[in-house]
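Work through these exercises with the structure open beside you. Try each task before you read its solution.

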Amino acid sequence: MFKVFDIAGSALSAQSLRLNTTASNLANADSVSSSTEQTYRARHAVFAAALNDAQEAVGVDVRGIVESQAPLRQEYRPDHPMANGDGYVFLPNVNAVEEMTNMISASRAYQSNVEVINTAKQLMLKTLTLGQ
Amino acid sequence: MPNHLDNVLGIHAAALNLRAQRAELLAGNLANADTPNYKARDIDFKALLADAQASQQGRGMQTTHARHLTEAGTAAAPEALYRIPIQPSVDGNTVDAQREKAEYMQNALQYQATLHFVDGQIKTLRTAIRGD
C-alpha cells in the first residue's frame, strides 16, 4: 500500500513538469527572433512507464523534454527591430490550442492523482487504528 | 473455532493484502494515464482469493516459488492481467481514467470493509481474553 504514495507522487511530478513546459510554451508564443536557430521551439515532456515489463505496479518517468520539429512561422515585418536582412522575423512553432488542451489534461491528471493519494492516506490511517 | 492464532483473522488478512496490492496496481494505471503504449493492468481478485482460501484450509497445493501454479491455475504471486480496453487511444495507451478511478474507489471501500471484519475479529479475541 505504501507504494501508492511513490507511484502517485511520480505522476504528480511528471504532470507538474508537463504543466511547466506548457507555461513556458505559452509564455514564449510570441518571442520573435531574427534567425531560425535562435527561435524558441515548443517543448514537450516525454512520459514512459518506470518499468514496463514488471508484473508489479509502476510509476511514471519523464524520459526527457523534446523540442517540436514543426516548421517555424515566418512573418514579413521590415520595420521590426529584430527583422533580418530580408525584413523577416521568425516566430515560435507554439500551437496555442494544443498547449491549452495539454494544460487541461495535465491539471485533471494531477487532480486525480491527488485524490488517489488522499484515499490511500485515509486507508492507511484506518489501518493504523486497527484493534483500538 | 480457529485453534491457531495465525488463523484467527481467517481469509480477511489475505483479502486485505490483495486489496492493498490492487490499490497499488490501480494507482499505477492512473499515474500512467498519459504514458504512450502503457497497458492498463488489474488482478483477478476472485481467483486469487479462492487460491488463498484453498491454501488456508489446507486443500491447496504447496508452492515453493512465486511462479508455481496453484489449484485454480493461477500463479502463487498475484499476476497482473491486461485490461481489455473499451476505447483504446491512438498512442497505444489503454488506461480509461474514469474506469480506473471507479475501480480504485470501489477497491478502497472494499478495503475498509475487510478492515472492519479484521477489527471485529480482534475485538472478539480481546473480549475472550478479558472475559468481561
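**Exercise 1. Placing a residue**

In which helix of chain A does A:K3 lie? Then decide how exposed A:K3 is, and find its contacts.

Solution. The model is predicted, so treat every value as computed from it.
- Step 1. Locate the residue: A:K3 lies in helix 1 of chain A.
- Step 2. Count neighbours: 19 other C-beta atoms lie within 10 Å of A:K3.
- Step 3. Apply the cut-off: a residue is buried at 20 or more such atoms and exposed at 12 or fewer. A:K3 is therefore partly exposed, given its 19 neighbours.
- Step 4. List contacts, setting aside neighbours within four places in sequence: A:K3 touches A:A57 and B:E24.
- Step 5. Look at a distance: A:K3 and A:P92 are 89 residues apart along the chain, and their C-alpha atoms are separated by 41 Å.

**Exercise 2. A helix and its cover**

How many residues does helix 1 of chain A have, and how far does this helix reach? Which of its residues are buried, and what do they pack against?

Solution.
- Step 1. Read the length: helix 1 of chain A covers residues 3-27, which is 25 residues.
- Step 2. Compare spans: from first C-alpha to last, this helix reaches 36 Å, close to the 36 Å expected at 1.5 Å a residue.
- Step 3. Pick out the buried residues: among them are A:V4, A:I7, A:A8, A:A11, A:A14, A:R18 and A:N25.
- Step 4. Find the partners in chain A: the buried residues pack against strand 1 (43-49), strand 2 (60-67) and helix 2 (96-128).
- Step 5. Cross to the other chain: helix 1 (11-31) of chain B is also a partner.

**Exercise 3. Chain B in outline**

How many helices and strands does chain B have, and in what order do the elements run?

Solution.
- Step 1. Count: chain B has 3 helices and 2 strands.
- Step 2. Order them from the N terminus: α-β-α-β-α.
- Step 3. Check burial: 29% of the 132 residues in chain B are buried.
- Step 4. Check contact range: take the contacts in chain B with a separation of 6 or more. Residues 24 or more positions apart account for 69% of them.

**Exercise 4. The nonpolar core**

How many residues does the largest nonpolar core have, and which have the most contacts inside it?

Solution.
- Step 1. Size: this core has 36 residues.
- Step 2. Centre of contacts: B:A23 and B:A27 have the most contacts inside the core.
- Step 3. Contributors: helix 1, strand 1 and helix 2 of chain A each give two or more residues, as do helix 1, helix 2 (45-56) and helix 3 (97-130) of chain B.
- Step 4. Largest share: helix 1 of chain B gives 10 residues.
- Step 5. Zoom in on B:A23: beyond four places in sequence, its contacts include A:M1, A:V4 and A:A120 from chain A, and B:Y104 and B:A108 from chain B.

**Exercise 5. Where the chains meet**

How many residues does each chain bring to the contact? How do helix 2 of chain A and helix 3 of chain B lie, parallel or antiparallel?

Solution.
- Step 1. Count both sides: chain A brings 27 residues and chain B brings 26.
- Step 2. Find the main supplier: helix 2 gives the most to the chain A side, with 10 residues.
- Step 3. Sort the chain A side by class: 16 residues are nonpolar, 9 polar and 2 charged.
- Step 4. Take the helix pair: the axes of helix 2 of chain A and helix 3 of chain B come within 10 Å and cross at roughly 5°. The two helices are therefore roughly parallel.
- Step 5. Sort the residues of this helix contact: 7 are nonpolar, 4 polar and 2 charged.

**Exercise 6. An unusual phi**

Where is B:N37 placed, and what is the sign of its phi?

Solution.
- Step 1. Place the residue: B:N37 is in the loop between helix 1 and strand 1 (41-43) of chain B.
- Step 2. Read phi: B:N37 has a positive phi of about 65°, although this residue is not a glycine.
- Step 3. Recall the rule: most residues other than glycine have a negative phi.
- Step 4. Judge exposure: B:N37 has 13 C-beta neighbours inside 10 Å, so this residue counts as partly exposed.
- Step 5. Set a glycine beside it: B:G131 follows helix 3 of chain B and has a positive phi near 70°.

Definitions and conventions:
Residues numbered from 1 in each chain as written. Chains lettered and ligands numbered in written order. Predicted model: local features only at pLDDT ≥ 70, side-chain atom pairs only at ≥ 80, totals over all residues. Helix = DSSP H or I, 4+ residues; strand = E, 2+ residues; numbered from the N terminus. Expected span 1.5 Å × (residues − 1). Contact = placed C-beta atoms within 7 Å. Core = buried A, V, L, I, M, F, W, Y, C linked by C-beta atoms within 7 Å. Nonpolar A, V, L, I, M, F, W, Y, C, P; charged D, E, K, R; others polar. Axes fitted to C-alpha atoms, helices over the stretch in contact; angles between N-to-C directions. Parallel < 35°, antiparallel > 145°, perpendicular 65-115°, else oblique.
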